[in-house]
Amino acid sequence: MNEFGLIADLVLSQTVTRDDVLCGIGDDAAIIEPDLAIACDTCNEGVHFQADWGPHAIGHRALAVNLSDLAAMGAKPTHALLALSLPELDTDWLSDFKKSFFKLASAYNVELVGGDTTRGAMSMTVTVIGRVLKPLLRRGARVGDAIYVTGELGAARLAYEASKGRLAPQTEILRRVMHTWHYPTPRVNEALAFAPYVHAAIDLSDGLVADLDHIARQSGVGAVIDIDKVPVAEALKQTVAGDEACRLAMSGGDDYELCFTVSPAYHNDLLALAEQCACPLTRIGEINAGSGVSFERAGEAIDLEIKGYDHFARS
Ligand code: ADP
Ligand code: MG
């Protein structure tokens, strides 16, 4: 059983189905009637952040990844809860953690309304609540839709690989990608701007291919990525040659960009919105009547084996 098998098992084991749950387990956030979105994500030391990350980065990340899930759901964030587990009470550590957490919270007018504090291995679980302006479900993609991603992909993956000693970017590149990895920017305002056009959306936490596969499966369609269109982070292209940079960008996690599908008729409207939001936006492919995620280059199908992040995958 892997991570998603475990989640599917929970879905099958539960016996309660409430009428007020418009979207339960399986999307970026739950939607509860009439318009409440709720999501929760954990950050564990050694998994989501490393022991050498400072508290400032950890505080930002803990909230940012949750706001990203609300964005992907078409929700405007309103409240948060913070369950904090710390090995000891270090006031300096807490001071820096708070600084970045509340800075991000105030940028989106999010009030911390509760949580829990315990001694244990360092870990934080943030629960966020938001108001759904337009539900952006994973299951809404339609055949013929164009597939878009915001921003650039693969900088966080490069930072992660560098932290493991597997890639060695130049010093200045390393500094930049470490910052991108430590301080993901949730695309909240962008998601709400694009929302009226969007058929299906997800935020990229496990890697483009793995996350787009959720849209494809849940919508009962296929997704074709034109690999020459993928906006691979410049830093990754400068560090890794050829197609390997694109492969890393498509399989790497922690981008916290948005991936969504829209009828191709609205391409120009989307580009205009993207410009207004100062948000890079790239059309990377198309939804078809097939299944899963496939790849093409210059109109020709190509074979690629790409896996995303799975907490319980057997390697
Ligand atoms: P995301 O990457 O968007 O945070 P996940 O892949 O973590 O989403 O989770 C997929 C779906 O499964 C989400 O709807 C999430 O709420 C749900 N889920 C994950 N773990 C559990 C759990 N232990 N109990 C109930 N639902 C869960
Ligand atoms: Mg998500």
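How far from an oxygen atom of ligand 1 does a polar side-chain atom of Asp69 lie? The separation is 2.9 Å. The model is predicted: local features need pLDDT of at least 70, side-chain atom pairs count only at pLDDT 80 or more, and totals for chains, interfaces and linings use all residues. Residues are numbered from 1 along each chain as its sequence is written, and side-chain values use heavy atoms, with hydrogens and water left out.

**View 1. The magnesium ion (ligand 2) and its protein donors.** Asp28 (OD), Asp69 (OD) and Asp203 (OD) lie 2.0 to 2.2 Å from the ion. Donors are N, O and S atoms within 2.8 Å of the metal (3.2 Å for Na, K and Ca); water is not among the atoms, so sites may look incomplete. Along the chain the donors follow the spacing D-x40-D-x133-D.

**View 2. Burial of Asp69 and Asp203.** Asp69 is buried, with a relative accessible area of 8%, and Asp203 is buried at 2%. Buried means under 20% relative accessible area, exposed over 50%, and partly exposed in between (1.4 Å probe, protein chains only).

**View 3. Polar contacts of ligand 1.** A polar contact is a pair of N or O atoms within 3.5 Å; within protein, one must be able to donate a hydrogen and the other to accept it, and residues adjacent in sequence count only if both atoms are side-chain atoms. A polar backbone atom of Gly26 is 2.8 Å from an oxygen atom of ligand 1, and a polar side-chain atom of Arg138 lies 3.1 Å from an oxygen atom of this ligand.

Notes. Chains are lettered from A and ligands numbered from 1 in the order in which they are written.
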